[in-house]
Amino acid sequence: MATISTLETPPARQDGFVLPAALIAGMPAHTGSRKGAENASGGAPDATPICNASTGAVIGWQEHAGAALVDEAVRAAHTTLASWRATAPAARGARLKKIAELIDANRARLAALQMQVSGKPPLEADIDVSDAAATFHYYADLCLDAQAFAPEALALPDDTVTGERFYEAVGVAALIVPWNFPMVTTAWKIAPALASGCTVVLKPSELTSPVEHLLAEIINEAGVPAGVVNLVNGGGEVGALLTAHPLVDKISFTGSTASGKKVMQTAAQDMKRVTLELGGKSALIVRADADVERAVTLAVGGAFTNAGQMCSATARILVHDDVYRKFMAAFETAVRAIVVGPPHSTNVAMGPLVCAAQRARVQSLVEQGVQAGASVAFSGSVDQACADGFFMAPVVVAEPPADNLLWTDEVFGPVACVKSFRTDEEAIALANDTRYGLVATVVTADREAARRYQTQLRAGLVWINTPQLIFPQICWGGLGLSGIGRELGMAGLRSYQELRHALAAVG
Ligand code: NDP
């Protein structure tokens, strides 16, 4: 994959960079017009402006890939598949190890880029880099010890045959990643895909694609052969074109449940394998025996990290009656103290939303929720100096009606709802009263109670008295409308492999 000229110096310092529409088999496949102009045929704009989320300023442009480039990218991945799949796992692992090391070496550039396009506070941007590097390290180590790739002998009830279970790369994987954790979500998909022997076509979000372009540059520098990782920029219909391509064998999509349903319908045409990581409406439960100070810290982190733009946001906070008043008083103090601002402002704790449209969407949901009977208990504030960025103050709603959209729907912004409960049964019923099932947090001093919650909460991952920790060794994914399949861990690797068996006659 060729170096992107605009990224030879940190894009953060450049005005008006242009990201080519695609990076295919080692070459930037397309550069050309920009400025969102109508294309020659009078169709949709052929480039999307990329903004600094903290200032609203246009800092660059990303050209859109169309049908021809999507086809070229998939064919490049298909052509390279046989040789990459046949490459020894240890050799693939060596490339992944190199990528991890280069991510670490480029920590400052990657973090700066995330801060620029997403407005993430420095700590959050740095955690994202660490997470991406850890993911590549984990899958590199799996490849290097080769255990995950060795055929496994089967114990059979018939001594006239022997049996083996083995795994093989699914094929060409289409990876569609969103804007909220661009580098992280991308690492969660690319690392296991490459470890398994799949080749990929990556489609970043048009809002944050500079991060993936820099990552692609790193992957190239790590010596991954041309054509193994290809990239097409989105904007309009690229995702649909990519998922429908007949040479794509596997789709891994992270985004809204609405788009995930479309992806699954498309995949059904050719029985493509799918992993879907979709929405959530998760609960944080504060029991009567909880350390309230810790509960408030976890509530602030669970609802307002990344300005609440997280599928894992625990934005439904359930608090036992006995500690409700104490919790609300401390929560109000904490929320009012959240410093909302650009990445380099003093003590910043929360950045902007990713774009004007997302902020308008979230604000509109709050207005609709209030009109339908929800009341805002308290909110934070945004400094006037932030007026040009996509900032929004954190909002806390108390005791919304059970059918209020702020209680039932994913908001994907800095909005949390609090409700009280009397019994564990009531708390579990309230937490599970959703068709999503991604995560949950329980704050309690009682280990036995925590265990009951762990079993009875309908969620892919339950945190007990911890912040939202995620390690590559665990799996990520949800129940119900939160998606299908698991990312990370061994299951993440297996999701890019077909499970196969062979039986052989003895003698
Ligand atoms: P969507 O998830 O709805 O995303 C759009 C993405 O889906 C783009 O990459 C688009 O690509 C692709 N896409 C759309 N239709 C199809 C299709 N038929 N087949 C394949 N790909 C398709 O998110 P938005 O960014 O529009 O955000 C809307 C809401 O989604 C947010 O407010 C939030 O609630 C949720 N969301 C959830 C995330 C999560 O982590 N679970 C992450 C981001 C958003 P293209 O336009 O290039 O074709």
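Let's start with a helix pair: helix H3 (residues 107–118) and H6 have axes that come within 9 Å and cross at roughly 165 degrees. That makes H3 roughly antiparallel to H6, since angles over 145 degrees count that way. Keep in mind that this is a predicted model. From there, the tour takes in two more helix pairs, the cores, the domains and a couple of individual residues.

**Helix packing**

- The H3 and H6 crossing is right-handed. On the H3 side, Arg109, Leu110, Leu113, Gln114 and Val117 do the touching, and they meet Pro210, Val211, Leu214, Glu217 and Ile218 in H6.
- H6 (residues 209–221) also packs with helix H2 (residues 89–105), where the axes come within 9 Å and cross at roughly 130 degrees. H2 and H6 are therefore oblique to each other, and their crossing is right-handed.
- In that H2 and H6 pairing, Ile99, Leu102 and Ile103 come from H2, while Leu215, Ile218, Ile219 and Glu221 come from H6.
- H2 packs against H4 as well, at an angle of about 160 degrees and with the axes 8 Å apart. That angle makes H2 roughly antiparallel to H4.
- H2 passes H4 in a left-handed crossing. The H2 residues involved include Ala90, Gly93, Leu96, Ile99 and Ile103, and among their H4 partners are Val129, Ala132, Phe136, Tyr139 and Leu144.

**Nonpolar cores**

- The largest nonpolar core has 69 residues, and the ones with the most contacts inside it are Leu96, Ile99, Ile103, Phe136, Tyr139, Leu194 and Trp476.
- Helix H4 (residues 122–145) gives the most to this core, chipping in 10 residues.
- Both domain 1 (5–278) and domain 2 (283–471) give residues to this largest core, so it lies between them.
- Apart from it there's another core, of 61 residues, with Tyr324, Val340, Val397 and Ala416 among them.
- Ile103 is worth a click: setting aside residues up to four places away in sequence, Ile103 touches Leu110, Val129, Ala132, Ala133, Phe136, Leu215 and Ile218.

**Domains**

- The domain assignment splits the protein chain into domain 1 (5–278) and domain 2 (283–471).
- The C-alpha centres of domain 1 and domain 2 sit 30 Å apart. Their contact takes 23 residues from domain 1 and 25 residues from domain 2.

**Two residues to look up**

- Arg85 lies in helix H1 (residues 67–86). With a relative accessible area of 32%, Arg85 is partly exposed, because that value falls between the 20% limit for buried and the 50% limit for exposed.
- Arg85 and Gly197 are 112 residues apart in sequence, yet their C-alpha atoms are 4.2 Å apart in space.
- Leaving out neighbours within four places in sequence, Arg85 is in contact with Arg92, Glu168, Ala169, Val170, Gly171 and Gly197.
- Thr441 is found in strand E18 (residues 439–443). Thr441 is buried, with a relative accessible area of 2%, which is under the 20% cut-off.
- Not counting residues up to four places away in sequence, Thr441 touches Ala283, Leu284, Ile285, Leu298, Thr314, Trp463 and Thr466.

Definitions and conventions:
Residues are numbered from 1 along each chain as its sequence is written. This is a predicted model: local features need pLDDT of at least 70, side-chain atom pairs count only at pLDDT 80 or more; totals for chains, interfaces and linings use all residues. Side-chain values use heavy atoms; hydrogens and water are left out. A nonpolar core is a set of buried Ala, Val, Leu, Ile, Met, Phe, Trp, Tyr and Cys residues joined through side-chain atoms within 4.5 Å. Buried means under 20% relative accessible area, exposed over 50%, partly exposed in between (1.4 Å probe, protein chains only). Helices (H or I, at least four residues) and strands (E, at least two) are DSSP runs, numbered from the N terminus. Domain bounds come from an automatic or database domain assignment. Contact means heavy atoms within 4.5 Å. Axes are lines fitted to C-alpha atoms, for helices over the stretch in contact, and angles run from 0 to 180 degrees between N-to-C directions. Angles under 35 degrees count as roughly parallel, over 145 as roughly antiparallel, 65 to 115 as roughly perpendicular and the rest as oblique. A crossing is left-handed if the near helix is turned anticlockwise from the far one by less than a right angle, and right-handed if clockwise.
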